[in-house]
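Please read the following report alongside the sequence and the coordinates. It treats strand pairing, the nonpolar core and a patch on the surface in turn.

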Amino acid sequence: MKSYTITVNGTAYDVVVEEKEAGVSAAAAAAPAAPVAQMSAKSAGGAVKVTASVPGKVFKVEVKAGQAVKAGDTVVILESMKMEIPVVAPQDGTIAAIDVAVGDSVENGDTLASMN
């Protein structure tokens with residue numbers, strides 16, 4: 001993956017671009033994929049942060065604290081530019097805390113939930 005900062009109309013956005021392997025079909029490469037939440041290990045307890053991949057508003061919270069999730073399960077749905085964008089669990093685990101509520105405004109990189 002490569003990280004870039006892109007400026008649009010004077011606003012800077014941090015983006016991460018995943019490089020596709022050779023031989024991936026154009027249809028598969030063009031198919032939209034749910035953004036995978038970025039992972040970062042906390043020093044205490046090894047909890048994983050589930051972070052916003054885009055700025056927007058929290059449209060729906062799909063999980064509850066204590067709920068077991070698999071990698072790829074939707075944790076939160078963000079609304080950005082009139083699109084619903086699922087933020088998914090980066091790995092298997094248990095939701096430790098939900099840090100946002102429906103209607104909250106979030107920025108790119110804000111912590112939405114944490115999991116163990």
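## The sheet with edges β3 and β5

In this predicted model, V69 has G93 as its bridge partner in β8. That bridge belongs to the pairing of β5 with strand β8 (residues 93-98), which is antiparallel and extends over two bridges. Both strands are members of an open sheet of four strands, arranged in the order β3-β10-β8-β5 with antiparallel pairing. The edges of this sheet are taken by β3 (48-51) and β5 (68-69), each of which pairs on one side only.

## The sheet with edges β7 and β9

A further open sheet is formed by four strands in the order β7-β6-β4-β9, and here the pairing is antiparallel. Because β7 (83-88) and β9 (105-106) each have a single partner strand, they stand at the edges, and one side of each is left without a neighbour in the sheet.

Within this sheet, strand β4 (residues 56-61) and strand β6 (residues 74-80) run antiparallel and are joined by four bridges. At one position along these strands, V61 stands opposite V76 in β6. As general background, the strands of a sheet pair through backbone hydrogen bonds, in either a parallel or an antiparallel sense.

## The largest nonpolar core

The largest nonpolar core comprises 17 residues, of which V75, L78, V106, L112 and M115 touch the most other members. At least two residues of this core come from each of β3, β6 and β10 (111-115). In soluble globular proteins, nonpolar side chains tend to be buried together.

What does V106 contact, once its neighbours within four places in sequence are left aside? The residues in contact with V106 are A52, V54, P55, G56, V58, L78, V100 and L112. Two of these, L78 and L112, are also named with V106 among the core residues that touch the most other members.

## A nonpolar patch on the surface

On the surface, Y4, I6, V8, Y13 and V17 form a nonpolar patch, and together these residues have about 410 Å² of accessible area. Strands β1 (2-8) and β2 (11-17) each supply at least two residues of the patch, and β1 gives the most, with three residues.

Y4, one of the patch residues, lies in strand β1. Its relative accessibility is 41%, and Y4 therefore counts as partly exposed, a class that falls between the limits of under 20% for buried and over 50% for exposed.

Note on methods. Residues numbered from 1 in each chain as written. Predicted model: local features only at pLDDT ≥ 70, side-chain atom pairs only at ≥ 80, totals over all residues. Heavy atoms only, no water. Pairing = 2+ DSSP bridges. Core = buried A, V, L, I, M, F, W, Y, C linked by side-chain atoms within 4.5 Å. Buried < 20%, exposed > 50% of the residue type's maximum accessible area, 1.4 Å probe, protein only. Contact = heavy atoms within 4.5 Å. Patch = residues over 30% accessible without salt bridge, like charges linked within 9 Å, V, L, I, M, F, W, Y side chains within 5 Å. Areas by Shrake-Rupley, 256 points an atom, 1.4 Å probe, with all protein chains shown as cover. Salt bridge = Lys/Arg side-chain N within 4 Å of Asp/Glu carboxyl O.
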